[in-house]
Amino acid sequence: MAVKDRIPPIERNPHERAKDFFEVSLGYDEERAILEAQRCLQCPVPTCVKGCPVGIDIPGFIKQIAEKNFENAYKILKNYNSLPAVCGRVCPQEVQCEGACVLNKTGKPISIGNLERFAADWASKNQVSDQIKIEKKKNKKIAVIGSGPSGLTTSAELAKKGYLVDLYEVFHTAGGVLVYGIPEFRLPKNIVKKEVGFLEKLGVNIILDIPVGFAIQPQEILENYDAVFIGVGAGTPKFMNIEGTELNGVYSANEFLTRINLMKAYEFPKTDTPVKFAKKVVVIGGGNTAMDAARSALRLGADVTIVYRRSENEMPARKAEIHHAKEEGVKFLTLTQPVRYIGKNGKLIGVECIKMKLGEPDESGRRRPIPIEGSNFIIETELAIEAIGTQSNKLLLSQFKGLELNKWGYIKADEFGRTSIPKVFAGGDIVTGAATVILAMGAGKKAAQAIDEFLS
Amino acid sequence: MNLSNLIVEKKKLAYGIHMFWIENELVAKNAKAGQFVIFRAYENGERIPLTIAGIRNNTFRVIVKAVGKSTYELCRLKEGDKILDVVGPLGQPSEIKKYGNVLVIGGGVGIATIIPIVKELKNHGNSVDVILAARNKDYFVLEEEFTDVDNLYYVTDDGSKGMKGFAHEMMEKLLKEKKYDISWAIGPSLMMKACSEVATKYNLKVWVSLNAIMVDGTGMCGGCRVRIGNELKYTCVDGPEFDGRLVDWESFNTRLIQYREEEKLALEKYLEKVGEPTWL
Ligand SMILES: Cc1cc2nc3c(=O)[nH]c(=O)nc-3n(C[C@H](O)[C@H](O)[C@H](O)COP(=O)(O)OP(=O)(O)OC[C@H]3O[C@@H](n4cnc5c(N)ncnc54)[C@H](O)[C@@H]3O)c2cc1C
Ligand code: SF4
Ligand code: FES
């Protein structure tokens, strides 16, 4: 029997959506969701589940959608994943569940991400209230540092178990990368707000504007709390550090995106934080951050080119985002590496690049890019945005003496988040290096279990 | 924990230079000389870095110079108002210990900024000479707080108080006569640059405090990066104090004016709305 085609989600017209910051994909309506859910083979040994970092009962929730029991579908999801509306939108499904789906062989895996998102959005629209069972209050206090996906998850899990949780965040808004990094057009901020509101309902005490390590000393935290979870992320941007990195017009993607997302610079001067609006923008990198920066620059009216040193196959970004970026008119210049910024009176006017070819695979299994001598050329541009990766956030760690780090500067922790200090647990990007939302959440959940065991 | 961010005292020190005492127990308890805070005065407001210029009980002090829309608005706030967000203390504290002879230079609003540094240096048993530099005699804000320094020198652009000239000229004059073990120069970046050149000539370490443009102040955006010797450093987490002799002043100064057009536009729009800024 021929496998039916995947049901595409409803998406806004690329030309129209490339001019605003509203969400690009509108997901499935009920009819489409059911049709897609009906494609699922309900495998007795579902391979998709193995591909899911938190082991969601995927055929289980899909069956409920196929049978129009949307509320049940949502409840199954919630058992495994506290943020299905977020994960349905931002998980790299093609290398996780969808990549592992038996139908992937035919090139038509089930759209698990869209189905997850559908169930979550349906529940939100129909005001399905989460039945929260909060266990009897335990007289034990936990400090959670950082309100990204790992900190949010740990806080929620521990609050449900009856612990008193203080969640500290240095920014004026909770959510970590979900609020400052990932743009509105991919993850509407009211979804994150709702999840943070849910934590408050659970009784989590969210304390914003606190740089832990500076406003509160690590020693005080250790004395005042029964356990500590560190989820401070890998937020510090790296630069290639080529000539001209100080020029005006060179940004890290983090800065560019933070100005736009967190500080709403796209509404400047209605809002107070500016960002440069440019006619031509070059974005360097091939990950989600690069796609987000490129598509944000496009929405501010720029002609945008992504420069990436390997080929498109090696780009780590979600496939859907690469596809969206292209549809919206972002240009791709692959096998190209910037070697120098060119400035005039302190302002960027161009990027000198060199052409690359792919050689033997490196440690990551991806083919190593090699410069082609003499192939240098110049791209004229007003802005260059570097999205070449991040490193460990040292704000807290620089003050937290005695906590063992690995050779890359991330916290040494086992799979349950246990660190070199008995009371202290850690998870998310600050342990693994920049990874994904779902891995950070999974780490938060495991650490919450470990903390519960530690304190029982 | 009292984190009310209430303005408990506010005073105009000179035209466009206002002093605030803000209630925030965590900042007051933890702040050390040389550190800063970030303010966001209201929703959709900018995040503004300000050096902490004193501590009193549960409150801390900042001095705001009105230079653009956000600081004009900040200066308009009154006692009893609240700052929406106060984050801090941030940054590395000044390296205070017993050095011997120390020269500290404060220019403009930098005069207020050096108060905690001078105080701590004195507490550590140093002999501290201070140069205060300002446009004219009306801009020596808080000069009454320098009573226990060893020698106090004044410099003005117009000669209305002390020597007529610039801070670095007075600095050089002193260095010719006396040996110092270390120095601080905090004020407008042109002053800090000039003082750093003098310090290089006399082989004296000089700490400057860089007022880079910041967003988060937590090492997360890299917007505050500055070249120190051969290295790229983040002012907010590696600084704000650096050895002025190693700072790449040219790129630092051009980065400071990155948003000049945007700042001008924002201020124009704001003044259109509010009229004459009589409160400054
Ligand atoms: C632009 C961008 C796009 C991305 N897109 C995707 C995607 O599509 N799919 C996906 O799965 N992943 C994506 N990621 C990666 C994903 O967002 C991260 O892996 C995830 O957010 C990590 O979560 P975390 O909880 O470890 O840390 P973070 O989300 O980084 O949160 C850490 C929080 O800790 C706070 N903090 C740090 N230090 C302190 C301190 N001393 N005191 C108090 N608070 C502190 C920070 O301010 C921050 O809010 C993207 C990342 C970026 C930057
Ligand atoms: S592997 Fe694919 S077809 Fe099989 S249960 Fe999972 S989603 Fe359905
Ligand atoms: S202000 Fe963002 S890294 Fe310093």
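**Reading chains A and B**

Mentor: Start with P240(B), which sits in the loop between helix 6 (235–238) and strand 16 (241–243) of chain B. Keep in mind that this is a predicted model.

Trainee: What is the peptide bond from G239(B) to P240(B), cis or trans?

Mentor: That bond is cis, with omega near 10 degrees. A second one runs from G88(B) to P89(B), again cis, with omega near 0 degrees. P89(B) belongs to strand 7 (residues 85–90) of chain B.

Trainee: What makes the phi of K68(A) worth a remark?

Mentor: Its value is near 65 degrees, which is positive, and K68(A) is not glycine. K68(A) lies in the loop between helix 4 (58–66) and helix 5 (70–80) of chain A.

Trainee: At what angle do helix 5 and helix 7 of chain B pack?

Mentor: Helix 5 (residues 189–201) and helix 7 (residues 249–256) of chain B meet at about 175 degrees, with axes 11 Å apart. The cut-off for roughly antiparallel is over 145 degrees. Therefore helix 5 of chain B is roughly antiparallel to helix 7 of chain B.

Trainee: Which residues meet there?

Mentor: From helix 5 of chain B come S189(B), L190(B), M192(B), K193(B) and S196(B). From helix 7 of chain B come W249(B), F252(B), N253(B) and L256(B). By class, this contact has five nonpolar, three polar and one charged.

Trainee: Why are C40(A) and P59(A) counted around ligand 2?

Mentor: A residue counts if one of its heavy atoms lies within 4 Å. C40(A) and P59(A) are among the residues around ligand 2, including also L41(A), C43(A), C48(A) and C101(A).

Trainee: How does the shell around ligand 2 divide by class?

Mentor: Nine are nonpolar, one is polar and none is charged. Cys counts as nonpolar here, so C40(A) falls in that class.

Trainee: How do you know that V212(A) makes a polar contact with ligand 1?

Mentor: A backbone N or O atom of V212(A) lies 3.0 Å from a nitrogen atom of ligand 1. The limit is 3.5 Å, so the pair qualifies. V170(A) has a backbone N or O atom 3.2 Å from a nitrogen atom of ligand 1. For A435(A), the partner is an oxygen atom of ligand 1, at 3.2 Å. The protein covers 96% of the 1,000 Å² of accessible area that ligand 1 has on its own.

Trainee: How many residues surround ligand 1?

Mentor: There are 36, with V90(A), S150(A), E169(A), R186(A) and D429(A) the closest. The classes are 18 nonpolar, 13 polar and five charged. Helix 14 of chain A supplies the largest share, three residues.

How values were computed. Residues are numbered from 1 along each chain as its sequence is written. Chains are lettered from A and ligands numbered from 1 in the order in which they are written. This is a predicted model: local features need pLDDT of at least 70, side-chain atom pairs count only at pLDDT 80 or more; totals for chains, interfaces and linings use all residues. Side-chain values use heavy atoms; hydrogens and water are left out. Axes are lines fitted to C-alpha atoms, for helices over the stretch in contact, and angles run from 0 to 180 degrees between N-to-C directions. Helices (H or I, at least four residues) and strands (E, at least two) are DSSP runs, numbered from the N terminus. Angles under 35 degrees count as roughly parallel, over 145 as roughly antiparallel, 65 to 115 as roughly perpendicular and the rest as oblique. Contact means heavy atoms within 4.5 Å. A polar contact is a pair of N or O atoms within 3.5 Å; within protein, one must be able to donate a hydrogen and the other to accept it, and residues adjacent in sequence count only if both atoms are side-chain atoms. Accessible areas come from the Shrake-Rupley method with a 1.4 Å probe; for residues, only the protein chains shown count as cover.
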